[in-house]
Amino acid sequence: VGSDGSPDGLLQLSVAAAGDITQARFGIVRLPDLTVNLTASINVMGGATPFCIYLKISELNMVNTAGTIRVIMPKDSRWTIDGDFDTSLTLLENFTLNNPDWSLDLSNDNYYIFSTDASISAGEFHMVGFRAMYNPGHAKGVYSITSQIVPGSGGDFSGSNNSDSEKIDYFNK
């Protein structure tokens, strides 16, 4: 903590001999820390069911992100994005979205890859949302949809909080 009480690593110094030094940095570098929170709206389903997925990507360390941010979600035959990822969508089920800043790469066989070059401001978040379809066929049980921030995205330094999942309970009809 700096001499002014803020956690910015700055100390106020006064040097009488050769003039005043107003700030000195002692090797403290703060890096962005990103986390993702995944929400499925609804998460109890019967048969083929439309639902929405929201990804809230938050910066936790009070530092602006820098560079491309990527969030991956494993592809699975039980759920698909319903239609195209709408990059013009700014509101879905009363959630304000940042979809215009994000793109979806479908070329990977294993993952949906969402990415942005937009910076997430210190302590702020971006919300990405889309419609999806879940179809368990004739099965019933529990399934988890997962998401993960690709390590290093946006300058992220902490890999311990980069994933989240949502449990879906499903029943055949």
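This report describes the nonpolar cores, one strand residue, the salt bridges and a surface patch of a predicted model.

## Nonpolar cores

The largest nonpolar core has 28 residues. Within this core, the residues with the most contacts are Phe51, Ile57, Met73, Trp79 and Phe114. Several strands give two or more residues each to the core: β3 (34–41), β5 (49–59), β6, β7 (79–81), β11 (111–116), β12 (125–134), β13 (141–149) and β14 (163–171). A second core, separate from this one, consists of six residues, among them Leu89, Leu92, Leu97 and Met127. In soluble globular proteins, nonpolar side chains tend to be buried together.

Phe51 can be followed further through its contacts. Setting aside neighbours within four places in sequence, Phe51 is in contact with Ala40, Ser41, Ile42 and Met45, and also with Trp79. The list continues with Phe130, Arg131, Ala132, Met133 and Tyr134, and it includes Ile145 and Ile168 as well.

## Arg70 in strand β6

Strand β6 covers residues 69–74, and Arg70 lies in this strand. The relative accessible area of Arg70 is 39%. Arg70 is therefore partly exposed, since this value falls between the 20% limit for buried and the 50% limit for exposed residues.

Not counting residues up to four places away in sequence, Arg70 touches Ile113, Phe114 and Ser115, as well as Gln148, Ile149, Val150 and Ser153. One of these contacts, Phe114, is also among the residues with the most contacts inside the largest nonpolar core. Arg70 and Gln148 are 78 residues apart in sequence, while their C-alpha atoms are 8.4 Å apart in space.

## Salt bridges

The structure holds two salt bridges. One joins the side chains of Arg78 and Asp76, with an N to O distance of 3.0 Å. Arg78 has a relative accessibility of 30% and counts as partly exposed.

The side chains of Asp169 and Lys167 also meet in a salt bridge, at 3.7 Å from N to O. Lys167 is partly exposed, at 45% relative accessibility.

## Nonpolar surface patch

Nonpolar side chains also occur on the surface. Val29, Leu31 and Phe157 form a nonpolar patch there. Together these three residues have about 300 Å² of accessible area.

Phe157 is placed in the loop between β13 and β14. Its relative accessibility is 47%, so Phe157 counts as partly exposed. The two strands that flank this loop, β13 and β14, are among the elements that give two or more residues to the largest core.

Definitions and conventions:
Residues numbered from 1 in each chain as written. Predicted model: local features only at pLDDT ≥ 70, side-chain atom pairs only at ≥ 80, totals over all residues. Heavy atoms only, no water. Helix = DSSP H or I, 4+ residues; strand = E, 2+ residues; numbered from the N terminus. Buried < 20%, exposed > 50% of the residue type's maximum accessible area, 1.4 Å probe, protein only. Contact = heavy atoms within 4.5 Å. Core = buried A, V, L, I, M, F, W, Y, C linked by side-chain atoms within 4.5 Å. Salt bridge = Lys/Arg side-chain N within 4 Å of Asp/Glu carboxyl O. Patch = residues over 30% accessible without salt bridge, like charges linked within 9 Å, V, L, I, M, F, W, Y side chains within 5 Å. Areas by Shrake-Rupley, 256 points an atom, 1.4 Å probe, with all protein chains shown as cover.
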